[in-house]
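Walk me through this protein, one piece at a time. Begin with a helix, move on to the strands, and finish with charges and cores.

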Amino acid sequence: MPDLLLELFSEEIPARMQAKAADDLRRLVTDKLVAEGLIYEGAKAFATPRRLALTVHGIPARQPDLKTERRGPKVGAPDAAVQGFLKATGLNSLDEAKIQRDPKGDFYIGLIEKPGRDAIDVLAEILSVIIRTFPWPKSMRWGARSAKPGSLSWVRPLHAITATFGLETEEPDVVKFEVDGIEAGQTTYGHRFLAPSAISVRRFEDYEAKLLDAKVVLDPERRKDAILTDAKQLAFAQGFDLVEDQNLLDEVSGLVEWPVVLMGSFEQEFLKTPDEVIRATIRNNQKCFVVRDPKTGKLANKFILVANIEAIDGGKTIIGGNERVIRARLSDAKFFYEADLKTRLEDRLPKFEQIVFHEKLGTQAERIKRIERLAAEIAPLVGADVARAKRAAHLAKADLLTEVVGEFPEVQGLMGKYYALAQGEDASVAAACEEHYKPQGPADRVPTDPVSVAVALADKIDTLVGFWAIDEKPTGSKDPYALRRAALGFIRLIAENALRLSLMKAAASALAGLSVKPADAQKLPNDLLAFFADRLKVQLREQGARHDLVDAVFALGGQDDLLMIVRRVEALGKFLESDDGKNLLAGTKRASNILSIEEKKDKRAFDGAPDAALYSLEEEKALAKAIGEVKAEASAAVAKEDFAAAMRALAKLRSPVDAFFEKVRVNDDDAKVRENRLKLLNEIRSATRAVADFSKIQD
């Protein structure tokens, strides 16, 4: 079957837009093809700074014929309705229609036959529309070839459209359409400087090969591989290690069509500035990579740049230009850093009294005082020194007012640590200045130093309770204050450090420190606990664990010790993986289902204690005895927080529950016996609730 080649050749497309634009082009074209009945075999899109390209394989040469039935008016309907029906269906008379019987009467049915069109004609139609309506996040208009401005809105001026369609064994046809005076053809262009001449292409393989000859690497992944490989080899040849940076690699690969890797240098004196500041300066301003001395682990006074041209002087001019810019930028960064060191962190704090954190939650200075108080309360619970925790909380936000963080916000916290160490603060206090923001994502490191943990927990619970109090909760996909991330960070701090902390007490303490009070202060901790339960489910799901078990544990109520919840969920998950666990879950659910039906029928609950005198079968007696023993054993194990032992106790119910359902008829003809057996079923449910609500567990 024929293949489609499409290229949209333009001025430089911003690197940040390229990947999404390529994906959008593939999605829009293939969705339209499917909607038109043209089922394709495969599609792949590409992007370079100057072009979007798409190849779609195995498109049928022609649309299938379409036959549809259209329901018309009732038999005997007015002539106007009949004529409208005939016109809409293309029938010459009602003799060509059939009659369909319906409870509401007899209706005319017309068969509409729509012959399929050649795929190339369909493509010409849909490609024109897609190009005119392409969803660029930002676009522009520019002057057309005449004096009038063009009608096309595109990310940058569009210069040429290549569109061919045909079989691999034949000369392809041009998909004929035009957009804003630009006619689709078979012509594209190579590298802007190295091979700018026009190139005639036929199909994708021919197109990709000719572009490569014209110094254009079409595939972004191939460009990334080339940059990374060459950069590593160049660094290694000089005795250094490349500091890899995936985000920078993604961006740089979108700036070049023919990557050429070069190395430059800067003065040794700049290495007195922290490595992170040097890296941020070089990365942000010149999109260059840094290298590390493997002997010291520190940065070397070298950098790696990626040019888009093979220069006749071997790149000396390009390197020199980058060195001049980087030298100036590093000089600024060094000046900022040295100026920052002249002012102690605590001397910056008065400025926070004039900076609003949130209009309803007060200034940054007020927030810092809240975090100090909370950190002091949490410190004994996590094994931290109270004085150090208070000092760390006092200084943790101060680096936000420094020159370096103002220039490079991504090093906030880290610079706080450097400045704290420089002014002689305790190492734990300095570490907390950096680590109180952590963890900021699922892959981020969790602090273990008790002082850092105390301040991090205080910072996160103040944020969560504060925004909950003013009713600024996350909604749908919107979470402008990153509250979901704060909750996940709080959970990871608790779980990975094995900390015992009452979430309800922490929330109540944070609420007490706020100047604003919610309308229902009693409801807030419970609402927040439910939010934490949802976040815990997300974390477990990401870890591949069963998130439904969180509901089973939370359903018992009174659960706000996150560490114990996590441990109980883990033990429950392991139990349910065993045969005893699976069978007991099935038996418990069977008991719950029977109870639900009978309680609904009788309009009452069977929650009283069974009467042992009414047991007539050995299976009833055995189950009752087992329930009594298991209840006591499981409850005692839970009280000792030995959840594995509690699960082993529950496992003893498996055999008597199975025997009960096999031998005992619950709905006995004797009403008293029936009621007693239903109460016994309720005892099964009650026994398992010592550990979790099994009704919340998915099969």
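Buried means under 20% relative accessible area. Keep that cut-off in mind, since it is used throughout. The model is predicted.

Take helix α1 first. This helix covers residues 15-35, which makes 21 residues. From its first C-alpha to its last it reaches 31 Å, close to the 30 Å expected at 1.5 Å a residue. Which residues of α1 are buried? They are A15, M17, Q18, A21, A22, D24, L25, V29, T30 and L33. The list includes Q18, D24 and T30. What do the buried residues of α1 pack against? Their partners are the strands β1, β2 and β3, together with the helices α3 (119-132), α5 (220-237) and α6 (246-253). After α1 comes G37, with a positive phi near 80°.

Two of those strand partners form a hairpin. Strand β2 spans residues 42-48 and strand β3 spans residues 51-57. They pair in the antiparallel sense, over seven bridges. Two residues make the hairpin connection from β2 to β3. To place the register, start at A43: its bridge partner in β3 is V56.

Strand β3 also takes part in a charged contact. R51 and E7 meet through their side chains in a salt bridge, at 3.0 Å from N to O. E7 sits in strand β1 (residues 3-10) and R51 in strand β3, so the pair links distant parts of the chain, 44 residues apart. Are these two residues buried or exposed? E7 has a relative accessible area of 0%, so it counts as buried. R51 is buried too, because its relative accessibility is 0%.

Next, an open sheet. Three strands make it up, in the order β4-β6-β5, with antiparallel pairing. Its edge strands are β4 (66-74) and β5 (98-102), each of which pairs on one side only. Averaged over neighbouring strands, the turn is 35°, direction ignored. Strand β6 (residues 105-114) pairs with β5 over five bridges, in the antiparallel sense. Within that pairing, R101 has D106 in β6 as its bridge partner. Helix α2 (residues 79-89) packs on the sheet and touches β4 and β6. The direction of α2 makes about 175° with that of β4.

Now the charges further along the chain. The structure holds 63 salt bridges. One of them joins R370 to D462, with the closest N and O atoms 2.7 Å apart. This pair links distant parts of the chain: R370 lies in helix α10 (residues 364-382) and D462 in helix α15 (residues 450-469), 92 residues apart. R370 counts as buried because its relative accessibility is 8%. D462 is buried as well, at a relative accessible area of 2%. What else does R370 touch? Leaving out residues up to four places away in sequence, its contacts are F357, L361, D462, G513 and L514. The R370 and D462 pair also belongs to a network of salt bridges that links R367, R370, K397, D459 and D462.

Set another pair beside it. K652 forms a salt bridge with E633, the closest N and O atoms being 2.9 Å apart. K652 lies in the loop between α23 (643-651) and α24 (654-663), and E633 lies in helix α22 (residues 618-639), so this salt bridge ties together parts 19 residues apart in sequence. K652 counts as partly exposed, at 48% relative accessibility. E633 is partly exposed too, at 34%.

Last, the nonpolar cores. In soluble globular proteins, nonpolar side chains tend to be buried together. Here the largest nonpolar core has 121 residues. Which of its members touch the most others? They are L457, L572 and L681. Helix α15 gives the most to this core, with 13 residues. Look at L572 in detail. Its neighbours within four places in sequence aside, L572 is in contact with L549, A552, V553, M647, A692, F694 and I697. There is also a second, separate core, of 40 residues. Among its members are I59, I120, I126 and F177.

Conventions: Residues numbered from 1 in each chain as written. Predicted model: local features only at pLDDT ≥ 70, side-chain atom pairs only at ≥ 80, totals over all residues. Heavy atoms only, no water. Pairing = 2+ DSSP bridges. Helix = DSSP H or I, 4+ residues; strand = E, 2+ residues; numbered from the N terminus. Salt bridge = Lys/Arg side-chain N within 4 Å of Asp/Glu carboxyl O. Buried < 20%, exposed > 50% of the residue type's maximum accessible area, 1.4 Å probe, protein only. Core = buried A, V, L, I, M, F, W, Y, C linked by side-chain atoms within 4.5 Å. Contact = heavy atoms within 4.5 Å. Axes fitted to C-alpha atoms, helices over the stretch in contact; angles between N-to-C directions. Expected span 1.5 Å × (residues − 1).
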